[in-house]
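Let's take a friendly look at how aromatic side chains meet in this model. Have the sequence and the 3D view at hand as you read.

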Amino acid sequence: MHVPEGEIAMSATDTASAADTVQAPARNLGLVKVVGILGIVGGALLIIVGIIVWATVSSQLRAENITIPDDAIAFQGQTVAGPFTAYVQADIIQHHALEASGGATYAELDREDPVRATMMNASFLRASLFTSVVSFGVSAFAMGIGVLSILFGWALHRLASAPVVVKRAGVTP
């Protein structure tokens with residue numbers, strides 16, 4: 001009887017009495033483990049960078065000492081320091097600018113209208129605030145992807161490290 005290299009010849013009696021065995025995987029899974037570790041490291045870096053960006057944008061907004069006015073829809077009297085306060089401030093700037101222009105936008109005003117400069121400044125301020133809102137969103141997205149990357153990396157590494165259980169079916173002669 002020919003037996004492939006690395007396997008042990010077993011008679012039918014031996015096979016019937018053999019217990020389940022634990023064996024190493026048939027293929028080398030070292031690369032899968034490395035990819036899992038890279039996923040964990042990459043995820044941690046995404047979380048760290050996301051936190052740094054969030055903190056930087058927040059501190060820069062806070063340094064401007066922008067206080068939300070009392071007629072805003074929310075956060076009245078608070079300093080702009082996060083995505084929600086920045087959005088609310090941008091909204092109230094638009095409200096005040098449209099009130100000053102009689103409801104006309106920058107593009108709708110005559111070039112010689114003195115309110116046009118106010119509308120331009122309001123537009124620039126709103127664009128800057130919306131840029132910070134987007135920055136907060138991107139950093140939150142990076143942190144979320146970082147968490148997923150860590151979870152997938154951990155799962156890959158764990159699966160590649162798991163032994164293979166071989167169940168032997170009983171054979172009767």
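## A first look

Please keep in mind that this is a predicted model. How many aromatic pairs does the structure hold? The count is 2, and each pair gets its own section below.

## Trp54 and Phe136

Trp54 and Phe136 meet edge-to-face, with 4.6 Å from centre to centre and 65 degrees between the planes. The angle earns that label because planes over 60 degrees apart count as edge-to-face. Trp54 belongs to helix H2 (residues 30-63) and Phe136 to helix H4 (residues 115-161), so this pair ties together parts that are 82 residues apart in sequence.

Is each partner buried or exposed? Trp54 is partly exposed, at a relative accessible area of 32%, whereas Phe136 is buried, with 1% relative accessibility.

## Tyr87 and Phe130

For Tyr87 and Phe130, the ring centres are 5.8 Å apart and the planes lie at 55 degrees, so this pair is tilted. Tyr87 sits in helix H3 (residues 83-100) and Phe130 in helix H4, so the contact ties together parts that are 43 residues apart in sequence.

On the accessibility side, Tyr87 is partly exposed with a relative accessible area of 45%. Phe130 is partly exposed too, with a relative accessibility of 27%.

## A charge over a ring

One more ring is worth finding in your viewer. Which residue lies over the face of Tyr106? That residue is Arg116, at 4.0 Å from the ring centre.

How values were computed:
Residues are numbered from 1 along each chain as its sequence is written. This is a predicted model: local features need pLDDT of at least 70, side-chain atom pairs count only at pLDDT 80 or more; totals for chains, interfaces and linings use all residues. Side-chain values use heavy atoms; hydrogens and water are left out. Rings of Phe, Tyr and Trp (its six-membered ring) pair if their centres lie within 6.5 Å; planes under 30 degrees apart count as stacked, over 60 as edge-to-face and the rest as tilted. Helices (H or I, at least four residues) and strands (E, at least two) are DSSP runs, numbered from the N terminus. Buried means under 20% relative accessible area, exposed over 50%, partly exposed in between (1.4 Å probe, protein chains only). A charge sits over a ring if NZ of Lys or CZ of Arg is within 6 Å of the ring centre and within 35 degrees of the ring normal.
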